[in-house]
Amino acid sequence: MKIAMVGSGYVGLVSGACFADFGHDVVCIDKDQSKIDRLRDGVIPIYEPGLDALVEANVKARRLSFTTSLAEGIRGAGAIFIAVGTPSRRGDGHADLSFVYAVAKEVGQTLENDAVVVTKSTVPVGTGDEVERIIAASGCKHKVSVVSNPEFLREGAAIGDFKRPDRIVIGAEDEFGRETMREVYRPLFLNESPILFVSRRSSELIKYAANAFLATKITFINEMADLCEKVGANVQDVSRGIGMDNRIGSKFLHAGPGYGGSCFPKDTLALLKTAEDYDSPVRIVEAVVKVNESRKRAMGRKVIDALGGMDAARGKQVALLGLTFKPNTDDMRDSPAIAVAQTLADAGVTVKAYDPEGMELAAPLMPDVQMTTSSYEAIEGADAVVIVTEWDAFRALDLKRVKELAKAPLLVDLRNIYRSEDVRAAGFTYVSVGRD
Ligand code: UDX
């Protein structure tokens with residue numbers, strides 16, 4: 001089948017490359033000429049493990065191509081995916097759907113055959129109805145079915161998540177839509193990945209409900225971690241102990257500096273807006289958003305406390321290791337490191353930082369931070385070493401060397417990646433999250 005992917009950002013590019021790898025004929029479309037030029041030259045604009053090789057192989061096999069022309073890209077396509085951005089709208093937190101609607105209009109105006117139009121972007125409940133209305137109003141003469149098919153890709157693991165999903169959710173209102181989507185995902189059926197057919201509105205809500213639930217799990221364990229510190233319990237044991245109950249599940253129970261990234265912060269806010277619009281409050285999610293927001297700065301204060309309080313911290317120097325919102329990505333969106341660094345800088349602490357992939361995107365977001373080129377350069381002369389993101393490179397620091405380079409042997413591990421015995425045996429004061 002020919003598939004058109006409108007929007008060659010993170011989701012569009014990963015999905016397009018994976019569909020091509022399934023054997024479909026895929027055209028990725030983007031308005032950004034320089035992005036398309038670079039993709040044609042084999043330059044991948046984002047950091048995602050395995051994506052460059054996947055793109056290269058499928059371009060070579062002539063199953064994957066790139067264009068800036070929507071009309072040309074969708075010609076003959078049986079499924080047209082809308083995978084453009086839906087950022088939080090400035091001021092009110094609503095998802096900004098202007099890009100989605102602009103694509104719907106252009107598809108309606110230029111379509112030359114029957115097709116299924118699929119919203120892949122995360123869109124609020126009811127967006128599919130509006131896309132359908134826009135396409136009809138644009139004078140489209142062909143049969144069009146609008147389907148919702150949310151993605152559940154994690155950055156850094158996106159290709160694996162795409163090819164071996166826990167489930168595929170399809171929100172379709174008619175048989176044309178369902179049949180086309182069965183064809184699109186046939187290779188995954190054969191893999192026995194469960195596919196769930198639901199109504200379009202249910203599908204749209206599933207995406208938000210899933211992300212809000214995961215954000216809730218993280219925030220829950222983060223508050224338990226605070227309580228563990230007060231009562232002298234160990235949050236990792238608590239996580240294990242509750243996670244072995246199948247009804248709870250062991251994943252997403254790692255305490256840390258709060259969630260960030262391109263999905264959880266934006267999607268929880270958008271869900272609050274939908275709930276407000278329909279006058280059906282989701283108070284748990286309201287609390288999650290507030291608690292997570294305050295947690296990021298609280299982690300900066302935790303470092304200040306470890307340095308001996310506000311007065312003692314002023315003028316001291318801290319090495320921040322890891323800036324991205326999680327490892328294996330260069331994504332800095334809503335990363336807790338930004339708030340941690342700001343809190344430290346506001347308290348008069350000098351911050352030197354290092355991240356394996358995030359430096360370029362981090363620098364403009366953290367004007368008060370001095371960027372370095374290695375962990376050890378950041379650590380030199382530091383009064384505290386703070387691990388903010390659990391990159392593998394920070395799991396095996398040479399503690400002897402760290403101790404020699406740093407001014408004081410203080411390790412603040414906001415991701416609990418070290419065993420306290422080991423760090424203390426190496427002569428450090430060790431502060432972690434929700435445990436001794
Ligand atoms: C998430 C969802 O997992 C994915 O299904 C959805 O499509 C997009 O949003 P992503 O944002 O790439 O994916 O990252 P994820 O691995 O889920 O982590 C999100 C944030 O939560 C990170 O900041 C991470 O550090 C944090 N996190 C995650 C925790 O603090 N503890 C955990 O136990 C898990």
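**Exercise 1. The shell around the ligand**

Find which helix gives the most residues to the shell around the ligand, and explain why the ligand can be said to lie between two domains.

*Solution.* Begin with the helices of this predicted model: helix α10, which covers residues 200–231, gives the most to the shell around the ligand, with 3 residues. Next, look at the shell as a whole, where 20 residues surround the ligand, and those that come nearest are E155, H254, Y259, G261 and C263. Sorting the shell by class then gives 10 nonpolar, 6 polar and 4 charged residues. Finally, ask which domains supply the shell: domain 1 (2–198) and domain 2 (208–289) both give residues to it, and the ligand therefore lies between them.

**Exercise 2. Domains and their contact**

State how the protein is divided into domains, and describe how domain 2 and domain 3 are placed and in contact.

*Solution.* The first step is to list the domains, which are domain 1 (2–198), domain 2 (208–289) and domain 3 (296–431). The second step is to take the C-alpha centres of domain 2 and domain 3, which lie 24 Å apart. The third step is to look at the contact itself, in which 9 residues of domain 2 meet 14 residues of domain 3. On the side of domain 2 that touches domain 3, the residues divide into 3 nonpolar and 6 polar, with no charged residue.

**Exercise 3. Helices α10 and α13**

Decide how α10 and α13 are oriented to each other, and name the residues through which they meet.

*Solution.* Start from the geometry: α10 and helix α13 (residues 283–306) pack with their axes 9 Å apart and at an angle of about 55°. Angles from 35 to 65 degrees are neither roughly parallel nor roughly perpendicular, and α10 and α13 are therefore oblique to each other. The crossing of these two helices is left-handed. Turning to the residues, α10 contributes A212, A215, T216, T219, N222 and E223, which meet I284, V285, V288, V291, N292 and R295 in α13. Divided by class, this contact of α10 with α13 holds 6 nonpolar, 4 polar and 2 charged residues.

**Exercise 4. Helices α12 and α13**

Describe the crossing of α12 and α13, and then list the residues that make the contact.

*Solution.* The axes of helix α12 (residues 264–277) and α13 come within 10 Å of each other and cross at roughly 140°, and the crossing of α12 and α13 is left-handed. On the side of α12, the contact is made by T268, L269, L271 and L272, while α13 offers V285, E286, V288 and V289. By class, the contact of α12 with α13 has 6 nonpolar residues, together with 1 polar and 1 charged.

**Exercise 5. Helices α1 and α3**

Work out how α1 and α3 are oriented to each other, and which classes of residue form their contact.

*Solution.* Helix α1 (residues 10–21) and helix α3 (residues 51–60) have axes that come within 9 Å and cross at roughly 50°, and α1 and α3 are therefore oblique to each other. Their crossing is left-handed. In the contact, L13, V14, A17, A20 and D21 in α1 meet L51, L54, V55 and N58 in α3, and these residues divide into 7 nonpolar, 1 polar and 1 charged.

Note on methods
Residues are numbered from 1 along each chain as its sequence is written. This is a predicted model: local features need pLDDT of at least 70, side-chain atom pairs count only at pLDDT 80 or more; totals for chains, interfaces and linings use all residues. A residue is near a molecule or strand if its C-beta atom, placed from the backbone, lies within 6 Å of it. Helices (H or I, at least four residues) and strands (E, at least two) are DSSP runs, numbered from the N terminus. Ala, Val, Leu, Ile, Met, Phe, Trp, Tyr, Cys and Pro count as nonpolar, Asp, Glu, Lys and Arg as charged, and the others, Gly among them, as polar. Domain bounds come from an automatic or database domain assignment. Axes are lines fitted to C-alpha atoms, for helices over the stretch in contact, and angles run from 0 to 180 degrees between N-to-C directions. Angles under 35 degrees count as roughly parallel, over 145 as roughly antiparallel, 65 to 115 as roughly perpendicular and the rest as oblique. A crossing is left-handed if the near helix is turned anticlockwise from the far one by less than a right angle, and right-handed if clockwise. Two residues are in contact if their C-beta atoms, placed from the backbone, lie within 7 Å.
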